[in-house]
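Here's a quick tour of a protein model, written for someone who would rather be at the bench. Have a look at the chain first, then read on.

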Amino acid sequence: MEETYVLGIDFGTLSGRAAIVRVADGLEKAAAVYEYPNAVMDDVLSVADGQKLPADFALQNPRDYIEVLKHAVPEAIAKSMVDPAQIKGIGIDFTSATVIAAKEDGTPLCDLAKFTNNPHAYVKLWKHHGAQEQADRIVSLAKERGESWLARYGGILSAEMLLPKVLETYEKAPEVYADTDVFVDALDWIVWRMTGNLVYSAGDSGYKRNFQDGAYPCEEFLELLSPGFGKVFSEKMPGQVLALGAEAGKLTAHAAAWMGLEPGISVATGNIDAHVTAAAVQAVEPGQLTAILGTSACYIVSGPQFREVPGMFGCVDGGVVDGLWGFEAGQSSMGDVFAWYLDNALPHSYVVAAEKAGISIFELLAEKARAQEIGEHGLVALDWFSGNRSILVDSELSGAILGITMTTKPEDIYRALVEATCFGARTIIESFTNAGVKIDEIVASGGLIKDPFFMQTLADITCVPLSVATTKQGGALGAAAHGAVAAGFYPSIKEASLAMGGKITAAYVPNYDRTARYDELFNEYRQLHDYFGRGENEVMHRLKDIRRRAVERKRAAAKKPQE
């Protein structure tokens with residue numbers, strides 16, 4: 001009997017991955033990666049006039065996403081040696097809250113000549129924090145009016161979500177807003193381009209677009225936010241909302257030609273990159289926390305009933321699987337913290353030493369850090385290098401390292417940064433459990449699961465057993481599982497996950513003696529967390545403001561004609 005396959009496509013922050021997956025058991029036949037040519041534009045608008053971007057902007061070019069379909073998919077098919085006729089379903093996932101302004105046919109506004117040099121016409125990536133002021137006003141007004149939907153987001157709203165970003169466009173670039181027919185998150189946009197159907201995914205709509213209990217925030221609330229903004233959802237987001245695993249449409253001939261596939265294949269509704277991973281790692285039951293540990297970190301857990309968790313990023317009925325409430329939280333930076341340290345603060349002599357030893361720099365640092373006693377470095381750090389997503393939900397916060405002396409070594413700082421990210425994870429887990437959401441197991445996926453030192457530290461600090469994904473393509477495999485459901489091979493995501501997903505159970509277990517010793521450091525972290533993060537000392541906010549004003553003065557001076 002001829003084997004049947006599905007295609008999973010995972011759109012990340014810097015690249016897109018395509019995987020050919022066997023329906024029967026989740027075997028990944030082959031995968032391919034395509035790096036976005038324009039990457040992330042957070043300094044200058046490199047695809048246009050090269051203008052300097054405002055602070056906290058993070059933009060992308062949507063053409064890069066189409067290039068993933070044209071390059072990664074055909075490459076994966078070729079490597080798999082699978083007949084394209086055997087591929088019967090497609091599922092996709094995307095970085096969440098990545099917002100695109102488009103015309104009614106799906107054309108992004110940045111593709112129009114008159115908007116080529118307008119930053120607000122480009123994709124606002126998940127880590128675009130330019131709308132913090134708008135997010136603050138949304139929360140303030142929602143609290144004032146007692147809007148019931150605010151509880152679904154832990155009583156606060158991140159600047160990363162769609163509504164603040166669209167309000168930012170409305171107020172900062174009204175010409176872009178006026179010409180936009182549709183605002184859409186990228187996961188729904190790419191499905192639109194593939195099928196010709198504009199539909200919105202229920203999961204993403206709940207978590208990122210304020211769609212709760214079948215409705216958006218009311219027009220009266222939106223009009224009070226900004227006059228003329230009241231009909232943003234009814235006029236600018238007209239698509240039908242469909243459940244996860246539903247068929248969004250059939251692959252068009254045009255899109256099929258991009259990918260080397262046959263038209264008419266079922267395409268599933270899009271999903272968020274972190275959420276879709278739960279299916280890939282068999283973590284769809286209550287108490288199983290999916291942890292996607294990469295440049296940032298996202299945590300997904302399901303529960304039988306709604307719980308108001310302070311600082312959570314969202315809670316949606318059926319947000320991960322039908323019949324359960326899906327809770328989300330996350331850290332805005334994790335692997336990015338370590339990358340920053342290596343790129344900007346690590347002595348070159350350590351790089352040379354690692355090369356001589358024939359090991360990676362991370363292995364060298366871990367070897368040196370592992371030899372220390374807990375607390376020997378005398379440091380404690382805050383992991384907010386890209387702001388705090390959970391539980392404070394404040395993009396204006398920044399990182400810190402306390403305790404540096406003339407005897408501090410590079411491995412001391414590295415270990416303190418590892419511990420800080422793990423303390424951040426523990427803070428999130430305790431917020432969940434204190435609110436009545438149980439967590440019995442962490443199932444980890446992403447690049448950091450390759451680092452044993454980090455993983456054991458995470459298990460010790462959180463005091464929760466860590467399982468790890470058996471797949472290297474958690475997003476693509478999870479997306480493929482949703483594609484298999486949309487194509488009718490499984491009745492639900494739970495069944496697809498059981499058949500196609502995989503994990504190594506309890507790959508890392510907590511060392512309770514070490515956990516007890518980490519408690520002392522964690523208490524110091526928690527005091528700093530509350531001191532800087534809960535308003536007692538807003539120095540981080542003031543420094544951000546000073547920085548912005550300094551940058552503005554510098555730019556204004558650069559624009560003055562030479563005398």
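What follows goes from the overall build to the two annotated domains and then to a few local spots.

A word on ground rules: this is a predicted model, so local features need pLDDT of at least 70 and side-chain atom pairs count only at pLDDT 80 or more, while totals for chains, interfaces and linings use all residues. Residues are numbered from 1 along each chain as its sequence is written, and side-chain values use heavy atoms, with hydrogens and water left out.

**Overall build**

The protein has 19 helices and 22 strands; these are DSSP runs numbered from the N terminus, with helices (H or I) of at least four residues and strands (E) of at least two. Its radius of gyration is 23 Å, close to the 24 Å from the globule rule for 563 residues, so the protein is as compact as a globular protein of that length. That radius is taken over C-alpha atoms, and the rule is 2.2 Å times the number of residues to the power 0.38. Along the principal axes, the C-alpha trace spans about 70 × 65 × 50 Å.

Of the 563 residues, 59% are buried, where buried means under 20% relative accessible area, exposed means over 50%, and partly exposed is in between (1.4 Å probe, protein chains only). Take contacts (heavy atoms within 4.5 Å) between residues at least 6 apart in sequence: 73% of them join residues at least 24 apart.

About 21700 Å² of the protein is exposed, and carbon and sulfur atoms supply 51% of that; the areas come from the Shrake-Rupley method with a 1.4 Å probe. As for charge, there are 51 positive and 73 negative side chains, and the centres of the two sets lie 3 Å apart. Lys and Arg count as positive and Asp and Glu as negative, with His and the chain ends not counted; each charge is placed at NZ of Lys, CZ of Arg, CG of Asp or CD of Glu.

**Two annotated domains**

An unreviewed UniProt entry annotates residues 5–278 as "Carbohydrate kinase FGGY N-terminal" and residues 290–487 as "Carbohydrate kinase FGGY C-terminal". Such annotations may be inferred rather than shown by experiment.

| Residues | Helix | Strand | Distance between end C-alpha atoms |
|---|---|---|---|
| 5–278 | 33% | 21% | 20 Å |
| 290–487 | 40% | 19% | 25 Å |

**Local spots**

In the stretch annotated as N-terminal, alanine 39 has a positive phi near 50° and is found in the loop between strands E3 (28–35) and E4 (59–60). Alanine 39 is partly exposed, at 27% relative accessibility. Alanine 97 also has a positive phi, near 55°, in the loop between E5 (87–94) and E6 (99–102), but alanine 97 is buried, at 2%.

Alanine 121 is in the loop between E6 and E7 (123–124) and is buried, with a relative accessible area of 2%. What does alanine 121 touch beyond its neighbours within four places in sequence? Its contacts there are Leu109, Cys110, Phe115 and Val176.

Helix H3 (residues 162–172) has 9 of its 11 residues buried, so this helix is largely enclosed by the rest of the structure. Among the buried ones are Leu162, Val166 and Tyr170, along with Lys165 and Glu168.

Finally, a cis peptide bond joins serine 390 and isoleucine 391, with omega about 10°. Isoleucine 391 is in the loop between E18 (380–382) and E19 (400–402).
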